[in-house]
Amino acid sequence: MCGLVGYIGNNAVEQTLLDGLKNLEYRGYDSAGIALNDNQNIDVFKAKGKLNNLTEVLSNRPKPAKNSMLGIGHIRWATHGKATTENAHPHLSNDGKLVLVHNGIIENYQQLRHELEAAGFVFHSQTDTETAVHAIDREYKKSQSLEQAVTAGIKLLEGAFAFCIMHKDEPDKIIAVRKNAPLIIGLGENENYIASDIPAIIGKVKNIIHLNDCELAIVEKNKVTVKSLDGQILNKEIEAIGFNPEVISKNGYKHFMLKEINEQPVIIRRMAQAHLPESGLPVCWGSKGCMLDLNRIKNISIIACGTSLHAAMYAKTLWEDWLQIPVHVEAASEYIYRANITNANSLVIGISQSGETADTITAVKQAKEKGAQILILTNREDSSIVRYADCTVPLNAGIEVSVAATKSYTAQLAALYWVGLYFAEQNKSLSASLLASLKQDLLELPAKMEEILSNQQAVQSLADKLKNFKDMVYIGRGINLTCAMEGALKLKEISYINANGYAAGELKHGPIALLDEQMPVMAVLGPGVTFAKMISNCEEAKARNAFVAAVLSEKAAVKESFFDAELRVPETNETTFPLLANIQLQLLAYYVADALGREVDQPRNLAKSVTVE
């Protein structure tokens with residue numbers, strides 16, 4: 001969940017590292033630091049809080065006698081030990097010669113710490129990472145080779161890690177190594193980079209190498225050598241970066257989140273063009289085709305976390321109706337710690353925006369070991385989770401910088417929609433006329449999304465009314481329940497208002513006790529069989545003096561002034577309504593958070609890529 005960078009070359013190392021860390025801020029962090037090797041000494045600079053605090057520390061130091069040629073940097077999201085300067089990375093060996101930054105969790109750190117303390121090593125932080133520093137330093141004192149020390153030291157570590165490591169006595173290289181945590185090498189001319197994600201090096205290099213698990217890279221100014229941990233030199237594929245610097249620019253928007261909300265029509269139009277050429281034609285899977293044996297599938301499990309879990313819940317409602325196959329949805333963090341009835345007749349779907357979500361990767365690995373077919377939906381085709389896939393559906397939503405997922409979530413919903421249509425078409429569980437109608441609904445969504453985004457006055461007005469409440473309830477039924485839950489999560493994530501989503505029919509089984517004039521209710525009223533029941537649930541809320549707002553279709557018939565506020569969306573089918581209502585709720589969360597002065601793109605305590613379990 002942390003972000004790390006490394007650089008060796010002729011540019012100003014300090015500024016290069018800071019620029020890279022700035023582009024990784026979306027990952028979430030609470031402290032930052034860099035280490036510079038100037039051929040005379042390892043200098044470490046750290047600060048609690050945002051990068052500007054680190055910049056201030058750097059500006060107040062005595063200027064070095066000569067420019068550094070290499071350095072490493074880090075932004076930390078606290079796991080072991082509080083967010084303090086002492087716990088911030090980089091971490092140094094006791095003699096000040098070896099330094100490293102780390103992304104991941106070392107699970108056996110307590111045992112190692114006791115062993116190293118008994119051997120005379122002194123610890124200065126509460127982190128798991130410092131055990132790696134001393135373990136590798138102990139090996140260096142034996143071999144006097146950084147490569148050998150890293151190879152021997154990491155064999156003692158259990159868990160997940162990506163490291164950048166430097167040593168004062170080997171000032172011509174940085175060692176990078178990974179296991180269960182992402183790490184890439186950026187290839188330049190007379191310079192090379194290391195990073196935990198592509199945004200750190202966008203605009204700096206055109207080509208990259210992805211390190212796989214248990215691979216070590218010796219990164220020098222003019223070359224990169226990648227080896228297995230047994231010392232075998234590996235020929236790695238060089239890949240072109242598929243993004244340009246514009247993806248990490250706000251393009252005139254106040255926040256990345258607002259920019260990404262407004263990108264959604266383009267993303268869905270592109271997806272529809274790729275998979276639904278016309279409503280009367282078969283669904284196109286993609287250039288490689290569907291690599292799944294559909295005849296084997298007797299049950300489906302969808303595994304995800306956070307926002308992706310809400311997309312999975314949407315698919316369950318949709319697919320069980322369309323396919324008449326049991327669909328089970330579970331949080332990956334729960335799936336991996338219990339017995340699961342998964343076998344060769346199971347299709348297990350992992351959904352992860354980043355493709356690096358540790359819990360989801362572990363769950364998918366477990367399912368694959370039991371013989372299940374694996375389908376992966378991810379926004380990053382180059383990510384770790386793809387290694388376990390029998391088939392992959394790329395979302396192609398582009399890099400999402402804001403921590404709160406918006407465009408990637410909508411892309412997940414649309415992808416699950418067309419995949420469901422493909423399955424239904426293949427097993428003939430829906431009539432040709434209904435399939436054509438459902439396809440047409442998806443094809444029309446981009447224009448309807450643009451209509452919503454072109455008129456945001458109503459949602460801004462509602463945000464102004466809701467911004468001073470401390471708590472809020474979102475309700476929905478059927479396929480709209482997950483829309484309500486996701487809307488509540490968005491508001492909670494970025495505004496810090498305690499918003500919670502409930503099945504509307506469950507209000508009277510407990511949550512209704514919360515309702516009064518201080519507890520507003522947001523109802524998601526899509527067309528279909530649950531609409532009348534939702535009106536009744538809203539009546540119950542109004543009877544308790546709650547402020548009741550609603551998202552509903554523009555032609556939905558309700559009594560005048562029944563709701564205290566309305567957010568209307570263009571008419572659409574019951575199954576596609578959540579994709580339109582979702583945009584209104586994203587905008588509502590954004591405008592409430594912005595009105596409250598929150599850090600919209602980097603909400604406290606949250607990270608974009610949750611790479612630890």
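Let me begin with Y422, which has a relative accessible area of 12% and therefore counts as buried, and I should say at once that everything I describe today comes from a predicted model. Its partner in what follows, W285, is also buried, at a relative accessible area of 8%.

A search of the whole structure turns up ten aromatic pairs. W285 and Y422 form one that is edge-to-face, with 5.0 Å from centre to centre and 65 degrees between the planes. This pair ties together distant parts of the chain, since W285 lies in the loop between α7 (264-275) and β15 (299-304), while Y422 belongs to helix α11 (residues 407-427), and the two are 137 residues apart. The pair also belongs to a wider arrangement, in which ring pairs link W285, W319, W418, Y422 and F423 into a cluster.

A further aromatic pair is made by F562 and F563, again edge-to-face, with the centres 4.8 Å apart and the planes at 85 degrees; both of these residues are buried. The ring of F562 has a charged companion as well, because the definition of a charge over a ring asks for NZ of Lys within 6 Å of the ring centre, and the charged end of K542 sits over that ring at 5.1 Å from its centre. The charged end of R604 is placed in a comparable way over the ring of Y496, 3.8 Å from the centre.

Let me turn now to the sheet. Eight strands form an open sheet with antiparallel pairing, in the order β3-β2-β4-β1-β10-β9-β11-β14. β3 and β14 (239-240) stand at the edges with a single partner strand each, so one side of each is left without a neighbour in the sheet. Helix α2 (residues 51-59) packs on this sheet, where it touches β2, β3 and β4, and its direction makes about 135 degrees with that of β3.

Within the sheet, I would like to dwell on β2. This strand pairs with β3 (residues 42-48) in the antiparallel sense over seven bridges, and L36 has D43 as its bridge partner there. Seven bridges likewise join β2 to β4 (residues 70-76), again running antiparallel, and on that side G33 is partnered by H74.

How many of the seven residues of strand β2 (residues 31-37) are buried? Seven of the seven are, so the strand is largely enclosed by the rest of the structure. In a regular strand, side chains alternate between the two faces of the sheet. Both faces of β2 are covered, with S31, G33, A35 and N37 buried on one side and A32, I34 and L36 buried on the other.

My last stop is S352, which is found in strand β17 (residues 346-352). Is S352 buried or exposed? Its relative accessibility is 1%, and because buried means under 20%, S352 counts as buried. The side chain of S352 makes a polar contact, at 2.8 Å, with the side chain of T357. If we leave aside the neighbours within four places in sequence, the residues in contact with S352 are S308, T357, L377, T378, N379 and I385, so T357 appears both in that list and as the polar partner.

Technical notes:
Residues numbered from 1 in each chain as written. Predicted model: local features only at pLDDT ≥ 70, side-chain atom pairs only at ≥ 80, totals over all residues. Heavy atoms only, no water. Helix = DSSP H or I, 4+ residues; strand = E, 2+ residues; numbered from the N terminus. Buried < 20%, exposed > 50% of the residue type's maximum accessible area, 1.4 Å probe, protein only. Polar contact = N/O pair within 3.5 Å; in protein donor to acceptor, adjacent residues only side chain to side chain. Contact = heavy atoms within 4.5 Å. Pairing = 2+ DSSP bridges. Phe/Tyr/Trp six-rings, centres within 6.5 Å; stacked < 30°, edge-to-face > 60°. Lys NZ or Arg CZ within 6 Å of the ring centre and 35° of its normal. Axes fitted to C-alpha atoms, helices over the stretch in contact; angles between N-to-C directions.
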